[in-house]
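Please describe this protein for someone who has not seen it before. Begin with the overall fold, then turn to the main sheet and its surroundings.

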Amino acid sequence: MENSDRKNSIPILYVKGNYYECGIEMGRTFASLIHSFISTSKLLNEHLLPVYNSSKGREVFDSTLKVVNERFPQYVSEIKGIADGAKVDFYKLMLFHFDEIIPNITEQKNSEFESSGCSTIYLKNSTLNILAHTEDAASECLNNFYIVSAHVISNEKREEKYTALCYPGHIGGYTMGYNNYGLVFSINTLVAKKLLPNKTPRHFITRALLGARNYDEAIQILKDNGVGLADGFSINIAFLRKNLTNFFNIEMGPAYENNESQTNIKEIVGDDNFIHCNHYLRMNVEQHADYYMKGTKARYETLSKFPPPISKIDVINMLGDTSHKEHCVFRSKPELTTKTICVGIFDFIERTWSLYKENPKLDDTPLIILKF
């Protein structure tokens, strides 16, 4: 194995109830992982909390929470449930979900902390149809994440059934997973230079997507008309209908000019392949010109130099690549603040989600295979 510190286990929770009840079971079940993450997270303790404890930071936190409470009270209730179940401070979990919004707006962003990033490949040909994704996150998440398979029943009798990979203390949606309506997705963080107050953080938009019943509803959720997105991300999304797969990459940007998220939609039609990392490819949004941007562009260039993939092995070799001296696609060097915590491959023909914790190029046996 490439990394002896990678544990060959991924816990899964099956849960049913309303938003708060599902949250509290997540918190109770994964309390030790959540406590460990909160105590060791450099992002939280050295970056987010100092900003939160400033007068301006607290003001932005409160105004953002007000927006989220008005827009998505059910997901705030879910986070409260996680906090209560794990017996941790609610505001600390909420800071994770607000991500870089408060430091950016208060101009207290610390370049030492590299945002999480991921690499994604979509491939469709006459024999294969897959979405493959490296989940790259803070190194504290390396053996500290889990899968939640939830059946949420709200007071409005609207059901959500989804399965998603989750960071400790986080609601689902901002990684990869699927729902019972045929939606399959993965997320790439995009780093706009200017983020916005009084808008919706990306974690809540992507959580809402887990309930999307069709493409039109997903687009409506993404646009978030009336408020709009505070930050940015790219979503690789597929909708399965019988033997058909409609695949889209949608780049999302902050709602700078009106109360609606910026969106740029690219549909992959016919047999083709597609690559996305953590910088805007099509949308004109100013991005951070820092170490993080160098890393994502280096990974994209590495993947683009490969011959067009035609098999699952080709895709595995690409996502498992460690050839770059500084910015590998599969990130595992001990000194990195961001690491590849797992690789997920969705097979739309077999209807399977395979997860690898080791580099799949070196160990091509999935740790777990889920059916969707």
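The protein chain has 11 helices and 14 strands. Its radius of gyration is 19 Å, close to the 21 Å that the globule rule gives for 372 residues, so the chain is as compact as a globular protein of that length. This is a predicted model.

**The chain as a whole**

The C-alpha trace spans about 55 × 45 × 45 Å along its principal axes. Of the 372 residues, 61% count as buried. The accessible surface comes to about 14900 Å², and carbon and sulfur atoms hold 48% of that. Contacts often reach far along the sequence. Among those between residues at least 6 apart, 69% join residues at least 24 apart.

**The six-stranded sheet**

Six strands form an open sheet, with antiparallel pairing. Their order is 11-2-3-12-13-14. Which strands stand at the edges? They are strand 11 (272-276) and strand 14 (368-371). Each has a single partner strand, so one side of each is left without a neighbour in the sheet. On average, neighbouring strands of this sheet are turned by 15° against each other, direction ignored.

Strands of a sheet pair through backbone hydrogen bonds. Strand 12 (residues 338-347) is joined to strand 13 (residues 352-356) by five bridges. Nine bridges join strand 12 to strand 3. Both pairs run antiparallel. Some of the bridge partners are listed here.

| Residue | Bridge partner | Strand of the partner |
|---|---|---|
| Glu135 | Cys342 | strand 12 |
| Ile345 | Ser354 | strand 13 |
| Phe346 | Trp353 | strand 13 |

Strand 12 and strand 13 form a hairpin with four residues between the strands. In this hairpin, Arg351 takes a positive phi near 60°. Is strand 12 mostly covered or exposed? Strand 12 is mostly covered, with 10 of its 10 residues buried.

**Two helices**

Helix 11 (residues 312-319) lies across five strands of the sheet: strand 2 (119-124), strand 3 (129-138), strand 11, strand 12 and strand 13. Helix 11 runs at about 15° to strand 3.

Why is helix 8 (residues 202-209) largely enclosed by the rest of the structure? Eight of its eight residues are buried, and buried means under 20% relative accessible area. The buried residues of helix 8 include charged-type names such as Arg202 and Arg207 alongside Phe204, Ile205 and Leu209. His203, Thr206 and Ala208 are buried too.

How values were computed
Residues numbered from 1 in each chain as written. Predicted model: local features only at pLDDT ≥ 70, side-chain atom pairs only at ≥ 80, totals over all residues. Heavy atoms only, no water. Pairing = 2+ DSSP bridges. Helix = DSSP H or I, 4+ residues; strand = E, 2+ residues; numbered from the N terminus. Axes fitted to C-alpha atoms, helices over the stretch in contact; angles between N-to-C directions. Contact = heavy atoms within 4.5 Å. Buried < 20%, exposed > 50% of the residue type's maximum accessible area, 1.4 Å probe, protein only. Rg over C-alpha atoms; globule rule 2.2 N^0.38 Å. Areas by Shrake-Rupley, 256 points an atom, 1.4 Å probe, with all protein chains shown as cover.
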